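Colleague: I should be grateful for a close look at a single part of this model, set out for a first-year student. Please take the strands around Lys48 as the centre, and then relate them to the other features that can be read from the atoms.

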Amino acid sequence: MFQSLLNQFCVISFINEFSEEPVHLGFGVRLLTDDLYRLRSHYLPLGKVGGKPAWLNPKHLPKSADLLCSVCEKPMCFLMQVCANGGESDPPHAFHRTLFLFVCRNPECSRQNDASNLKAFRCQLPRTNDFYSFDGPADPEFGDIPDPYALADGPGLCRICGCAAAKKCAKCTVARYCSQAHQVIDWPTHKLECAKAAENGSIEEEPKNPLNPFVFKEFGIEIDQEYMPGGLFDGMSDDEDDNEEDGADVDDEPEEEKAARLKEFEKFVKENKGKNVDMTKDDLDAATAEQPKDLDFEKFNKLVHLHPDQIVRYKRFGLPLRATGQSELPEEIEPCELCGAPRRFEMQLMPHLLTLIDVDCIGQSIDWASVYVYTCSASCRIPDDGYAKEFVAKQDFV
Ligand SMILES: [Zn+2]
Ligand SMILES: [Zn+2]
Ligand SMILES: [Zn+2]
Ligand SMILES: [Zn+2]
């Protein structure tokens, strides 16, 4: 189970859209509390969901202002990260490459087909850097691994969300926070230790798995190739609409639906009384017939059913798997603000991730059919080897 987590460097290989390479799927892996340390930056985890971010560059973190929800302007919550370097195809400054996703926890900020409540960041480091060994992290079973945060002497981290903390508790000046909102969340816990912290100038080590009501449940991520049996999409076309399988034949129409259509017809006739409307039963059938089939949705469903636990689909420079044909994905993706190179599709988040992080309360929680992440195709160098915001789109099931 830890094989992928223990690989020296991440295993997602460079894939171009013309290759027959399969899609890589990510799955959530629950770790024992004692093993959660494997998801810390020290070990360059392949990926993780929830908890606090395992920053790749521990020194130049995104600013608090960059992590505010575009809808409510409150701090977003770390959602997941995936290590995704392109091996030899990426430039040397991107030997390590990780994508980070954040989401606003407020369900009201989750709007249909609008990704304003989500943000994605790309971070890269060359193989020789100030924080990690040239040969990658040693097996955590053996020996100490230097703490990249200590090496970085970077900004303090917020005790609640694990992001850059520019604020301190005024009483002890030890506890650090990204925002007043997070200080408020921490106060019931922190007030018990604040006086002692002021005296000692430090706070005792946090427990291994500091749970607080803000962060999502924490999981590791395993990556596997998607296996797709031949003929999966056989018989999927509009022509199939009238065959016996789907019962769309008018004669097989359920009584309730028939009644509803009749009612619709009567309403139409009533509304158009006196107007010169020449409507036949056939016109009615055409007007009130079922919506055309959503082939994108069917294809999406078929692929999801093969591996229902998938939380991420990864195919750099590939094509996204559209969740539905009822809404459009943006045709024009803004080019990279840093270098001007076009952004290309890299990965998408799947609905099962919502279940994993316990926000699958339909209509009352964060929601998506799929979240699509597009990144700079050049993996261009980021100032200070920090974090570059990338492009996110979202589709919802209507
Ligand atoms: Zn929000
Ligand atoms: Zn915070
Ligand atoms: Zn304090
Ligand atoms: Zn770029």
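Modeller: The account below begins with the strands, turns to the salt bridges and unusual backbone angles, and ends with the metal site. Please keep in mind that the model is predicted.

Let us start with strand β3, which covers residues 77–83. Seven of its seven residues are buried, so the strand is mostly covered. Strand β3 has a partner in β2, residues 47–49; the two run antiparallel and are joined by three bridges. Within this pairing, Lys48 has Gln81 of β3 as its bridge partner. Strand β3 also pairs with β4, residues 96–103, again in an antiparallel manner, and here six bridges join the two. In that pairing, Phe78 is matched with Phe102 of β4. Strand β3 is thus joined to β2 and to β4.

Lys48 deserves a second look, for its side chain takes part in a salt bridge. The partner is Glu218, and the closest N and O atoms are 3.0 Å apart. Because Lys48 belongs to strand β2 while Glu218 sits in the loop between α4 (194–200) and β8 (219–225), the pair ties together parts that are 170 residues apart in sequence. Is Lys48 buried or exposed? Residues under 20% relative accessible area count as buried, and Lys48, at 1% relative accessibility, is therefore buried. Glu218 has a relative accessible area of 18%, so Glu218 is buried too.

The chain leading towards β2 offers another detail. Leu44 lies in the loop between β1 (24–29) and β2. Its phi is positive, at about 40°, although Leu44 is not a glycine. This is worth noting because most residues other than glycine have a negative phi. Leu44 is buried, with a relative accessible area of 14%. A second residue with a positive phi is Asp384, at about 60°, and Asp384 is not a glycine either. Asp384 is found in the loop between β11 (370–376) and β12 (387–395). Whereas Leu44 is buried, Asp384 is exposed, with a relative accessible area of 54%.

The salt bridge of Lys48 may now be set beside others. The structure holds 16 salt bridges. One of them joins Asp35 and Arg38, whose closest N and O atoms are 3.8 Å apart. Asp35 is buried at a relative accessible area of 17%, and Arg38 is buried at 7%. Another joins Asp396 to Lys394, with 2.7 Å from N to O; both of these residues are buried. Salt bridges can also be linked to one another: Arg122, Glu337, Arg343 and Glu390 form such a network.

Finally, consider the zinc ion (ligand 2). Its protein donors are the SG atoms of Cys158, Cys161 and Cys178 together with ND1 of His182, and these lie 2.0 to 2.3 Å from the ion. Why is the arrangement called tetrahedral? The four donor atoms subtend angles of 96 to 121° around the zinc ion, and the arrangement is therefore tetrahedral. Along the sequence, the donor residues follow the spacing C-x2-C-x16-C-x3-H. Among these donors, Cys178 and His182 are buried.

Definitions and conventions:
Residues numbered from 1 in each chain as written. Chains lettered and ligands numbered in written order. Predicted model: local features only at pLDDT ≥ 70, side-chain atom pairs only at ≥ 80, totals over all residues. Heavy atoms only, no water. Donors = N, O, S within 2.8 Å, 3.2 Å for Na, K, Ca; no water. Tetrahedral: all angles 85-135°; square planar, octahedral: opposite > 155°, others 65-115°. Buried < 20%, exposed > 50% of the residue type's maximum accessible area, 1.4 Å probe, protein only. Helix = DSSP H or I, 4+ residues; strand = E, 2+ residues; numbered from the N terminus. Pairing = 2+ DSSP bridges. Salt bridge = Lys/Arg side-chain N within 4 Å of Asp/Glu carboxyl O.
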